[in-house]
Amino acid sequence: MNMIDDNLQQLLLNYCEPESELLQKINRETYLKVLMPRMLSGHYQGRVLSLLSKMISPARILEIGTFTGYATLCLAEGLAKAGILYTLDINEELEDMVRFNFAASEFNDQIKYIIGDATESITDLNETFDLVFIDADKKNNGTYYDLIFERVRSGGIIIVDNVLWSGKVLNDVQDKDTKNISTFNDKVAMDSRVEKLILPVRDGLFIIRKK
């Protein structure tokens, strides 16, 4: 999923902030115990998410797709003192592990972990968000984007993961998943309500600022 070679990736890690002990533990436990562990954001992308969050100092964060909670805790590092982070996921099987990870962090009281269909959970939230991170089922990226857009403040940031899809978006012939991602990327590119760019971090992060 990395878009650069391993040696350069290691150099980048050498020059960024280290993982906390808790994040290291979540990374290790995810790879030992969970199917498809590469879905975890990991050290470098986690530090990117953390720094972006700290630059905004958001009072309200929405994350769509919790997995094992690694990215959640990275985003939470930038929360305002009384801020709240809502994280939505449909996978009940990981709930105990995720709650344990959150309970071990300093942000536990600021995280609202909601299990269920994200399209329904979003409509139940009466909040305006400063920062949104979309990292769930890729076929619904456009749906999530439309659902949250009016709930994001002017100047707020939307981040969408996996938008380069291991480079498959360059292929002339695309499978269904890749087509869904390319369609979403085109949708954002044509949206005059936002400023946007893709960072070639890991599998591609779309950084979108609402005007």
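Does N185 count as buried or exposed, and at what relative accessibility? In this predicted model, N185 has a relative accessibility of 11% and therefore counts as buried, the cut-off being under 20%. The residue is part of helix α8. Leaving aside residues up to four places away in sequence, N185 touches V163, V169 and F206.

Helix α8 comprises the 14 residues 176–189. At 1.5 Å a residue, a helix of this length should span 20 Å, and the C-alpha atoms at the two ends of α8 are 20 Å apart, so the expected and computed values agree. Besides N185, the buried residues of α8 are T178, I181, S182, F184 and V188. Viewed down the helix axis, the buried residues fall within an arc of 160°, and they therefore line one face of α8. K176 and T183, on the other side of the helix, are exposed. The packing partners of the buried residues are helix α7 (141–149) and the strands β5 (152–161), β6 (194–199) and β7 (205–210). At the N-terminal end, α8 is capped by D175, with a side-chain oxygen of D175 placed 3.3 Å from the backbone nitrogen of D177.

The strands that α8 packs against, β5, β6 and β7, belong to an open sheet of seven strands. The strand order is β3-β2-β1-β4-β5-β7-β6, and the pairing is mixed. The edge positions are taken by β3 (111–115) and β6; each has a single partner strand, so one side of each is left without a neighbour in the sheet. On average, and with direction ignored, neighbouring strands of the sheet are turned by 15° against each other.

At the β3 edge, the partner strand is β2 (residues 84–89), which runs parallel to β3 and is joined to it by five bridges. One residue pair in this arrangement is L85 with I111, the latter being the bridge partner in β3.

Two further helices lie across strands of the sheet. Helix α5 (residues 95–103) lies across β2 and β3, and its direction is at about 180° to that of β3. Helix α7 lies across β1 (60–64), β4 (129–134), β5, β6 and β7, running at about 165° to β5. Helix α7 is also among the elements against which the buried residues of α8 pack.

Technical notes: Residues numbered from 1 in each chain as written. Predicted model: local features only at pLDDT ≥ 70, side-chain atom pairs only at ≥ 80, totals over all residues. Heavy atoms only, no water. Helix = DSSP H or I, 4+ residues; strand = E, 2+ residues; numbered from the N terminus. Expected span 1.5 Å × (residues − 1). Buried < 20%, exposed > 50% of the residue type's maximum accessible area, 1.4 Å probe, protein only. Arc of directions from axis to C-beta. Contact = heavy atoms within 4.5 Å. Polar contact = N/O pair within 3.5 Å; in protein donor to acceptor, adjacent residues only side chain to side chain. Pairing = 2+ DSSP bridges. Axes fitted to C-alpha atoms, helices over the stretch in contact; angles between N-to-C directions.
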